[in-house]
Structure formats: C-alpha cells, structure tokens
Amino acid sequence: MDKIGIIGLGNMGEAIVKTLLKSGAKKESILCFEIKPERTRFIEDRYKVKFAGSAGELIKKVRYIILSIKPQDSKKLLNDIAPLIDNNKIIISIMAGITLSKLLSATGKPLKAIRIMPNICVKVGEGAIGIAPGPDIKKDELEAVKTLFSAMGKTIEVGEELMDAITALGGSGPAFFLLFLEAMIDAGVKMGIARDKSKTICTQVVRGTLKMLEEEGIHPTLMKEMITSPAGTTISGLAILEESAFKGNIMKAVEISTKRAKELSL
C-alpha cells in the first residue's frame with residue numbers, strides 16, 4: 001500500500017485513522033499531522049500512529065494526502081504545501097464547500113485531486129461517501145481511492161456538481177433520520193412504554209427494516225405495502241403523516257440543506 005498522509009485529526013480525521021487500522025492497514029503506512037499538540041498526543045496514545053513535524057514533511061513522505069481540516073484554514077495550508085506537490089501526489093479533500101477549482105486556485109498549479117464527502121457513520125465503517133474525481137485523475141488512481149475508502153462504508157461516484165446534494169443527503173441525512181427516531185421513541189413513552197424499552201423497540205425496528213431491505217432486495221415502497229393492510233393500524237398512522245406532508249417536508253429539508261451547502265461553497 002502506498003503511504004497515506006492525513007492532515008487534520010479532528011473527529012473525521014480520527015474516524016479515518018480508526019477505520020483504516022480496523023480494516024487491516026498497517027500503522028507504518030499512515031502518517032499524520034495535526035497543529036494542536038494535545039490532539040496529537042491523544043491520537044498517538046490511542047492509535048500508535050506516527051506524526052510528521054510539519055505538513056511539508058508529511059507531503060514529502062506520502063502519496064495520498066487526505067485534507068481533513070477546516071475549510072477556512074485551507075488557503076494558507078495549500079499555499080504552503082503547493083511547491084511540494086508533484087504529479088505523483090494525490091490530494092483527497094474532505095473539506096465541505098471547497099471545490100476542485102478552489103483547490104487549484106489556492107495551489108496555483110495543476111494537481112491530481114479528488115473531493116470526498118463522507119458522513120459521520122464512517123466511524124463504524126458504514127459511511128455514505130460521495131466521490132468526485134478531478135479531471136487529471138486516472139481510472140486506476142480513482143479505483144485505488146475508492147478501495148481506500150471502501151473500508152469506511154459505501155462509495156458513490158458523482159459529478160462535482162452533485163456534491164452539495166451529497167452533503168445534504170448523506171451528511172445531514174443522519175440528523176433528519178435521528179429526529180424521526182427520537183419522535184418514535186417519545187411516542188412509545190407517550191403510550192406508556194418505558195423509555196429504555198421504547199428505544200430498544202424503535203432501534204430494532206430500524207435495524208430489522210434495513211436488513212430486510214438489503215437481504216430481500218426489495219424497494220422501500222413495496223415493503224411498506226407489505227406492512228399496510230386495508231383499514232388497518234398502519235394505514236391509519238400513514239394517513240396522519242401524509243396530512244402533515246411528511247414526505248414533502250423531508251424532501252424540502254434535503255433541498256434547503258443542499259441550497260445552504262451551495263451558499264457555503266461560494
């Protein structure tokens with residue numbers, strides 16, 4: 001495996017290190033850099049990976065460079081490391097709102113770059129990961145990056161113009177779903193079920209539903225129809241949700257989140 005460098009060891013950077021190691025990557029194949037000393041010590045102690053003394057030192061020693069820093073810090077970093085980036089290096093940016101054109105503009109030179117939009121579930125190897133390759137990325141290089149991130153979840157290749165939608169659907173989506181799950185748990189409590197038992201029931205409903213969708217290979221609409229009997233309990237509840245434009249509001253939430261992601265990238 002070519003050596004992987006990770007710049008920025010916040011929550012997402014740590015998740016990447018954790019999942020790479022869990023998938024079998026050797027500690028020696030990972031090199032990190034973090035500007036905060038206390039964060040460096042924490043990651044070193046927990047994962048036993050090596051840290052470079054500077055971003056420049058890291059660039060010299062790795063082929064894949066994962067940028068996991070705050071977008072507002074990217075311009076200075078890219079300016080600093082630009083002279084060290086050659087055509088053999090592949091920049092992998094997980095910075096929200098930083099387009100490939102912005103990366104090129106900040107470095108002032110052609111470079112091989114790929115935008116990645118992972119979500120929080122990469123921490124458990126079940127992330128939804130959008131990938132948008134730059135124009136200079138070769139097919140084998142893209143496949144190598146997909147393989148790298150496949151340990152963290154499912155990779156979905158899209159055009160860069162859809163990355164804002166991926167940010168909303170994949171990145172914000174868990175929060176939308178968790179709000180629904182929270183409501184279901186509260187509903188159980190309202191009906192007299194103890195909160196811990198309501199949580200167990202609701203999370204198992206989700207786990208079982210997803211497993212059945214995957215193993216049976218059926219569409220959600222068809223599974224919903226399997227559950228919905230004429231004049232039964234399910235259709236009565238669904239009617240209330242439809243009266244409140246449940247599906248329409250979910251679609252609108254994703255649309256508004258996508259619009260906000262576009263605004264942040266300007």
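Is glutamine 72 buried or exposed? Glutamine 72 has 61% relative accessibility, so it counts as exposed; the close-ups below start from the whole chain and come back to this residue.

This is a predicted model, in which local features need pLDDT of at least 70 and side-chain atom pairs count only at pLDDT 80 or more, while totals for chains, interfaces and linings use all residues. Residues are numbered from 1 along each chain as its sequence is written, and side-chain values use heavy atoms, with hydrogens and water left out.

**Figure 1. The whole protein, for orientation.** Eleven is the number to keep in mind for helices, since the protein has 11 helices and eight strands. Helices (H or I, at least four residues) and strands (E, at least two) are DSSP runs, numbered from the N terminus. Along the principal axes, the C-alpha atoms fill a box of roughly 70 × 40 × 30 Å. Of the 266 residues, 41% are buried; buried means under 20% relative accessible area, exposed over 50%, and partly exposed in between (1.4 Å probe, protein chains only). Among contacts with a separation of 6 or more, 63% join residues 24 or more positions apart, a contact being heavy atoms within 4.5 Å.

**Figure 2. Glutamine 72 in its loop.** Here we are back at the opening residue, which sits in the loop between strand S4 (64-67) and helix H4 (74-81). Isoleucine 98 is 26 residues away from glutamine 72 along the chain, and their C-alpha atoms are separated by 9.3 Å.

**Figure 3. Isoleucine 6 and the nonpolar cores.** A nonpolar core is a set of buried Ala, Val, Leu, Ile, Met, Phe, Trp, Tyr and Cys residues joined through side-chain atoms within 4.5 Å. The largest one has 31 residues, and those with the most contacts inside it are Ile6, Leu20, Val49, Ile92, Ile116 and Phe149. Helix H1 (residues 11-22) gives the largest share of this core, five residues. Apart from this core lies another, of 23 residues, among them Ala55, Met95, Leu100 and Ala106. As background, nonpolar side chains tend to be buried together in soluble globular proteins. Isoleucine 6 is placed in strand S1 (residues 4-7), and it counts as buried because its relative accessibility is 0%. Leaving aside neighbours within four places in sequence, the contacts of isoleucine 6 include Ile16, Val17, Leu20, Phe33 and Ile66. For a sense of distance, the C-alpha atoms of isoleucine 6 and glutamate 182 are separated by 35 Å.

**Figure 4. Two salt bridges that involve helix H6.** A salt bridge is a side-chain nitrogen of Lys or Arg within 4 Å of a carboxyl oxygen of Asp or Glu, and by this rule the count comes to 13. Lysine 112 pairs with glutamate 141, their closest N and O atoms being 2.6 Å apart. This pair links distant parts of the chain, with lysine 112 in strand S6 (residues 112-117) and glutamate 141 in helix H6 (residues 139-150), 29 residues apart. Lysine 112 is buried, at 5% relative accessibility, and glutamate 141 is buried too, with a relative accessible area of 4%. Follow helix H6 to lysine 146, which forms a salt bridge with glutamate 157, the closest N and O atoms being 2.9 Å apart. Glutamate 157 belongs to strand S8 (residues 153-157), 11 residues from lysine 146. Lysine 146 is buried at 18% relative accessible area, whereas glutamate 157 counts as partly exposed at 42%.

**Figure 5. A salt bridge within helix H11, and a network elsewhere.** Arginine 260 and glutamate 263 meet through their side chains in a salt bridge (3.0 Å, N to O). The two are separated by about one helical turn because they are three residues apart in helix H11 (residues 246-264). Arginine 260 is partly exposed, with a relative accessible area of 46%, and glutamate 263 is partly exposed as well, with 37%. For an additional inset, look at Glu14, Arg39 and Arg46, which are linked in a network of salt bridges.

**Figure 6. Two loop residues with positive phi.** Most residues other than glycine have a negative phi, which makes a pair of loop positions worth a look. Lysine 48 has a phi near 60°, a positive value in a residue other than glycine. Lysine 48 lies in the loop between helix H2 (37-47) and strand S3 (50-51), and it counts as exposed at 53% relative accessibility. Alanine 245, also not a glycine, has a positive phi of about 55°. The loop that holds alanine 245 runs between helix H10 (233-243) and H11, and this residue counts as partly exposed at 37% relative accessibility.
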